[in-house]
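Dear colleague,

I am passing on the structure we spoke about, together with some notes on what turned up when I went through it. Please look at the sequence and the model first, and then read on.

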Amino acid sequence: MPVADAKAMREDLILWPPLVIIHNILVGDYSSTKVGKVVNVESLEKILRDMGFGAGKIRFCHGRPANQSIFTVKFLPTFSGLQTAERLHKHFADKKHGKQEFLQISSRGKNSEVESQSKQPDEFLYGYIAVAEDLYKLDPETKRRSLLKSRKDDIEAIADAPLNTI
């Protein structure tokens with residue numbers, strides 16, 4: 001299978017209900033004396049609300065219990081929930097804080113990226129829509145309650161289907 005097809009297929013299988021995984025690059029190898037801003041669940045909620053992702057539609061929790069640097073944002077299992085998750089994904093990608101940029105930082109080592117204490121907390125966040133390969137980043141409860149769905153076959157087919165008015 002061509003590499004492009006394999007990548008497209010991998011990105012097509014998303015977790016349902018829609019989840020956005022957010023990495024906090026401040027947590028990990030850093031001491032609190034080196035970097036002054038730590039993002040926790042409450043501050044992440046405030047940051048996302050300030051971005052326009054309102055309350056009541058999303059649920060915040062940590063990823064795997066042993067890794068406090070990963071947050072998951074769970075959206076409603078509806079098409080509008082998926083659109084909101086994609087909007088958040090696009091927001092991170094537009095700021096160059098998407099999955100590819102996170103992978104580049106994590107492969108280079110985080111110490112080169114965290115320099116200034118004057119940065120805003122949201123500048124240390126990297127986020128993207130959760131796909132099948134991200135299952136290992138989730139806590140056991142979220143894994144149990146999540147399904148894999150194809151964007152093309154399962155989700156967009158439902159969205160494009162005519163309404164049954166009978």
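**The loop at Pro17**

Pro17 sits in the loop that runs between β1 (13-16) and β2 (19-24). The peptide bond that joins Trp16 to Pro17 is cis, with omega at about 0°. Please bear in mind, here and in what follows, that this is a predicted model.

**The chain as a whole**

The chain has 6 helices and 6 strands, and when it is read along the sequence these follow the pattern α-β-β-α-β-β-α-α-β-α-β-α. Of its 166 residues, 36% count as buried.

**Helix α3 and the loop after it**

I would next turn to α3 (79-94), for which the length can be checked by simple reasoning. At 1.5 Å a residue, the 16 residues of α3 should span 22 Å, and the C-alpha atoms at its ends are indeed 22 Å apart, so the expected and the computed spans agree. Which residues of α3 are buried? They are Gly81, Leu82, Thr84, Ala85, Leu88 and Phe92. Seen down the axis of α3, these buried residues fall within an arc of 165°, and they therefore line one face of the helix.

The helix α3 is followed by Lys96, which lies in the loop between α3 and α4. Phi of Lys96 is near 60°, which is a positive value in a residue other than glycine. Is Lys96 buried or exposed? With a relative accessible area of 55%, Lys96 is exposed, because the cut-off for that class is over 50%.

His97 is placed in the loop between α3 and α4 as well, but with a relative accessibility of 11% His97 counts as buried, since the limit for a buried residue is under 20%. The side chain of His97 reaches the backbone oxygen of Leu125, at 2.8 Å, and β5 (125-129) is the strand whose range begins with that residue number.

**The largest pocket**

The largest pocket has a volume of about 160 Å³. Its lining is made up of 12 residues, of which Glu11, His89, Lys99, Gln100 and Tyr128 lie nearest the centre of the pocket. Four elements, namely α1 (3-12), α3 (79-94), α4 (99-108) and β5 (125-129), each supply at least two residues of this lining, and the largest share, 3 residues, comes from α4. Sorted by class, the lining has 4 nonpolar, 3 polar and 5 charged residues.

**Asp139**

The last site that I would point out is Asp139, which lies in the loop between β5 and α5 (140-144). Asp139 is buried, with a relative accessible area of 12%. What does the side chain of Asp139 contact? A polar contact of 2.4 Å joins the side chain of Asp139 to that of Thr142. Asp139 and Ile70 are 69 residues apart in sequence, while in space the distance between them, C-alpha to C-alpha, is 10.0 Å.

If you open the model beside this message, the sites to look up are the cis bond at Pro17, the loop residues Lys96 and His97, the lining of the largest pocket, and the polar contact between Asp139 and Thr142.

With best wishes

Terms used
Residues are numbered from 1 along each chain as its sequence is written. This is a predicted model: local features need pLDDT of at least 70, side-chain atom pairs count only at pLDDT 80 or more; totals for chains, interfaces and linings use all residues. Side-chain values use heavy atoms; hydrogens and water are left out. On a 1 Å grid over the protein atoms alone, a cavity is a set of points where a 1.4 Å probe fits but cannot get out, and a pocket is an open set with protein on both sides within 12 Å along at least five of seven lines; lining residues have an atom within 4 Å of a point. Grid points are joined across faces, edges and corners, and a volume is the space filled by probe spheres set on the points. Ala, Val, Leu, Ile, Met, Phe, Trp, Tyr, Cys and Pro count as nonpolar, Asp, Glu, Lys and Arg as charged, and the others, Gly among them, as polar. The expected span of a helix is 1.5 Å times one less than its number of residues. Buried means under 20% relative accessible area, exposed over 50%, partly exposed in between (1.4 Å probe, protein chains only). The arc is that of the directions from the helix axis to the C-beta atoms. A polar contact is a pair of N or O atoms within 3.5 Å; within protein, one must be able to donate a hydrogen and the other to accept it, and residues adjacent in sequence count only if both atoms are side-chain atoms.
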